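Trainee: I would like a close look at one spot in this model, together with what surrounds it. Which residue would you start from, and how does the rest fit around that residue?

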Amino acid sequence: MTKQWEDWDHILKIDPDKDLVEGETFEDVARTGTDAIEIGGTLDMTTEKMERVVDACAEHDVPLYQEPSNPGVVIDSPALDGYLIPTVLNAGDPFWVTGAHKEWVRIDEDLDWDRTHTEAYIVMNPEASVAQLTDADCDQDPDDVGAYARVAERMFGQEIVYVEYSGTYGDPEVVAAAHDALDDATLFYGGGVRDYDAAYEMGQRSDVVVVGDLLHDEGCDAVRETVEGVKDAHSD
């Protein structure tokens, strides 16, 4: 069965702990042309913050997913198309490989398996909050990242592999190595994409480009440029 993300080029990730640019609304966000909205953040997450953004986005016809940073902030909303759950392959703390996931299953007897999907993260920026939280080993060269991607797909059956440079622009050679290692899994790239050219470059090396901080820092017009960049990369 085809998964929604197989047809995506661009994801807009909204951090519930951050505000939109002054004067912009979630209707403006939905009109950027992004293929999907993902709601999640690493620090200071609460169910109240998640619910506020989910409710605001629910009125608009864009696929909507929650990416919870821990099982305590998962919300049950019919507005959500599903949940994208990170498992950090290069985490030093095994809680972020399987531990958090075990806790979610333990406390939620009615977990919606049909709408729950994992993302095999390879975290690459040691300064990022997600790297520090998970104690990730970010000292990985292109061969290492390609091997992680192959392990994710071939050994663990992951349908999404996510090269995450959160907060900085990544090494295109590393992203390309992950992409080349995959046969059927979808490669997400996230980190430092702030304009058309960056989106175009990473769009040539990944299946889906994820943009986040740009929305909160510069607003919807800037996001719209990244949508155009990755879509042009995939059409060439």
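Mentor: Start from glutamate 38, which counts as buried because its relative accessible area is 1% (buried is under 20%, exposed over 50%, partly exposed in between, with a 1.4 Å probe and protein chains only). Bear in mind that the model is predicted: local features need pLDDT of at least 70, side-chain atom pairs need pLDDT 80 or more, and totals for chains, interfaces and linings use all residues. Residues are numbered from 1 along each chain as its sequence is written, and side-chain values use heavy atoms, without hydrogens or water.

The side chain of glutamate 38 forms a salt bridge with that of lysine 13, at 3.9 Å from N to O (a side-chain nitrogen of Lys or Arg within 4 Å of a carboxyl oxygen of Asp or Glu). This pair ties together distant parts of the chain: lysine 13 belongs to strand E1 and glutamate 38 to strand E2, 25 residues apart. Strands (E, at least two residues) and helices (H or I, at least four) are DSSP runs, numbered from the N terminus.

Lysine 13 also counts as buried, because its relative accessibility is 13%. Its side chain makes a polar contact with the side chain of tyrosine 162, at 3.3 Å (N or O atoms within 3.5 Å, one able to donate a hydrogen and the other to accept it; residues adjacent in sequence count only if both atoms are side-chain atoms). Setting aside neighbours within four places in sequence, the contacts of lysine 13 include Glu38, Gly40 and Glu67 (heavy atoms within 4.5 Å). They also include Tyr121, Tyr162, Glu164, Val210, Val211, Gly212 and His216.

Now take the strand that carries glutamate 38. E2 covers residues 36-39, where Ala36 and Glu38 point one way and Ile37 and Ile39 point the other way. Every one of these four residues is buried. E2 is joined to E1 (residues 10-14) by four bridges, and the two strands run parallel (strands pair if DSSP finds at least two bridges between them). Within that pairing, isoleucine 14 stands opposite isoleucine 39. E2 also pairs with strand E3 (residues 64-66), again in the parallel sense, over three bridges. There isoleucine 37 has leucine 64 as its bridge partner.

These pairings belong to a closed barrel of eight strands, which runs E1-E2-E3-E4-E5-E6-E7-E8 with parallel pairing. Further along in that order, strand E4 (residues 82-88) runs parallel to strand E5 (residues 116-123), with six bridges between them. One of the facing pairs there is proline 86 and glutamate 119. E4 and E5 are also among what covers the buried residues of helix H3. That helix spans residues 99-107, and its buried residues are Gly99, Ala100, His101, Glu103 and Trp104.

H3 brings us back to salt bridges. Glutamate 103 and lysine 102 meet side chain to side chain at 2.5 Å, N to O. Lysine 102 is classed as partly exposed because its relative accessible area is 49%. Another salt bridge joins aspartate 112 to arginine 115, at 2.7 Å, N to O. In that pair aspartate 112 is partly exposed, at 28% relative accessibility, whereas arginine 115 is buried, at 18%. Asp9, Asp35 and Lys231 are linked in a network of salt bridges. The count for the model comes to 15 salt bridges.

Two positions outside the strands can be set against the buried pair. Glutamate 59 sits in the loop between helix H2 (47-57) and E3. This glutamate is exposed, because its relative accessible area is 65%. From glutamate 59 to leucine 20 the C-alpha distance is 17 Å, with the two positions 39 residues apart in sequence. Valine 151 lies in helix H5 (residues 142-155) and is partly exposed, at 27% relative accessible area. Its C-alpha is 9.8 Å from that of alanine 120, and the two are 31 residues apart along the chain.

To return to the starting point: glutamate 38 is buried at 1%, and its salt-bridge partner is lysine 13, which is buried at 13%.
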